[in-house]
Amino acid sequence: MWEYASSFDTLAVAQAFAGSASEAIATSNEGNRLAQSLRKQISAARTSQLAQLQHARAESAIAAIVKAAANRQIVILNEAHNVSMHRAFAMKLARELRRMGFDYLACETFATDHPNPIAGGYVHPNDGYFSREPMYATFLQDAAADGWKFVSYEPASKAGVSPEQHARRRDYEMARNIVTRILEKNPKARIFMYVGYGHGSKMPLSQSEDDKPSHVGAQLRRLTGIDPLSIDQVTLFPEYQTREQQTLYRAAVKFHPLTQPFVLSTRGGQFLTVGKLPGQYDLQVVYPGYGIDKETMRPTWMAKLAGLAPMKAPADMLPKSGRRLLYAFRENSPDDAIALDIISTTAGQAAPSFMLAPGRYRYRYED
């Protein structure tokens, strides 16, 4: 079953890299449905969680996180690696955290032991794997303009250590790199850590550097005594993962039909998280069901969440036959910069719009 899931996930990430955000989610949905057909994952707690969702109070995710982060030193946000939309939310949150005095941005994408990610204020292929995706590159370029200090924390494999041992100690090593590369030099540093999937989890508590499945959130608590504000955004969004997850997501948006990402809290004022072990995360982001804009032919979150604006592709670059990929780069970026948007065009058909931040751009194409 997991071989099927892995193949679909790999294709979904590749589609996201090519600017096909909606197709990436559709591919992931297909793989997860296949996996689900082979194994049921229906939680006994689902009924009570549905009731909690119905009676919860909704508020803007960004506003709630900013308020909760006021007295925190470390904020951890996760992502699904095939979902470009998550990077748009990370970009929006990073702007607010920077205004609050957070100064270090540590991302899982950065290459192992990279000494200076995003040098020169643009994203280079050698900066990291996931940041080759256009929305991730846009997020990091936006962060560079905001003056963030970038830190790589992905641990290197060590001689004599098996892949199994490396995987077991990976979260400890990631947490340790945050300590040695930031906190030992600047104990009062405020850190925004952007991770994949479950790495941000704070439960189960970590007892040692070798325990499993303690993730980086739990390891940081043990190593530093700092309780990070940990945020999950990979559960309640419109992607089919399991039948249980989809049921919880549909209930959340049915009971709370907001048009921007939001978080939920109980009547007692405690933030509500579902589909996870209690205490794994402090907050959980719920996404509305963004669609496709008829004019731009691009996902509506690109304008509504990321704040990007449509720009028409240069007419002289559109294909006269077959298909063509068009790439958009900042006008003054070097030749090896990562594209900030990619569109697929077909001869004789209307071309999708580029979705870009304000500025001047240069373009190239690939047949």
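**Exercise 1.** How many helices and strands does the secondary structure of the protein come to?

*Solution.* Start with what you are looking at: this is a predicted model, where local features need pLDDT of at least 70, side-chain atom pairs count only at pLDDT 80 or more, and totals for chains, interfaces and linings use all residues. Residues are numbered from 1 along each chain as its sequence is written, and side-chain values use heavy atoms, leaving out hydrogens and water. Next, take the DSSP runs, numbered from the N terminus: helices are H or I with at least four residues, strands are E with at least two. The result is 10 helices and 13 strands.

**Exercise 2.** Find what share of the 367 residues is buried.

*Solution.* Buried means under 20% relative accessible area (1.4 Å probe, protein chains only). By that rule, buried residues make up 51% of the 367.

**Exercise 3.** Classify the ring pair of Phe110 and Phe150, and say which parts it ties together.

*Solution.* First, the rule: rings of Phe, Tyr and Trp (its six-membered ring) pair if their centres lie within 6.5 Å; planes under 30 degrees apart are stacked, over 60 edge-to-face, and the rest tilted. The structure holds 10 such aromatic pairs. Here the ring centres are 5.9 Å apart and the planes stand at 85°, so the pair is edge-to-face. Now locate the residues: Phe110 sits in the loop between strand 3 (104–107) and helix 6 (134–145), and Phe150 in strand 4 (residues 149–152), so the pair ties together parts 40 residues apart in sequence. Finally, Phe110 and Phe150 are both buried.

Notes
Buried means under 20% relative accessible area, exposed over 50%, partly exposed in between (1.4 Å probe, protein chains only).
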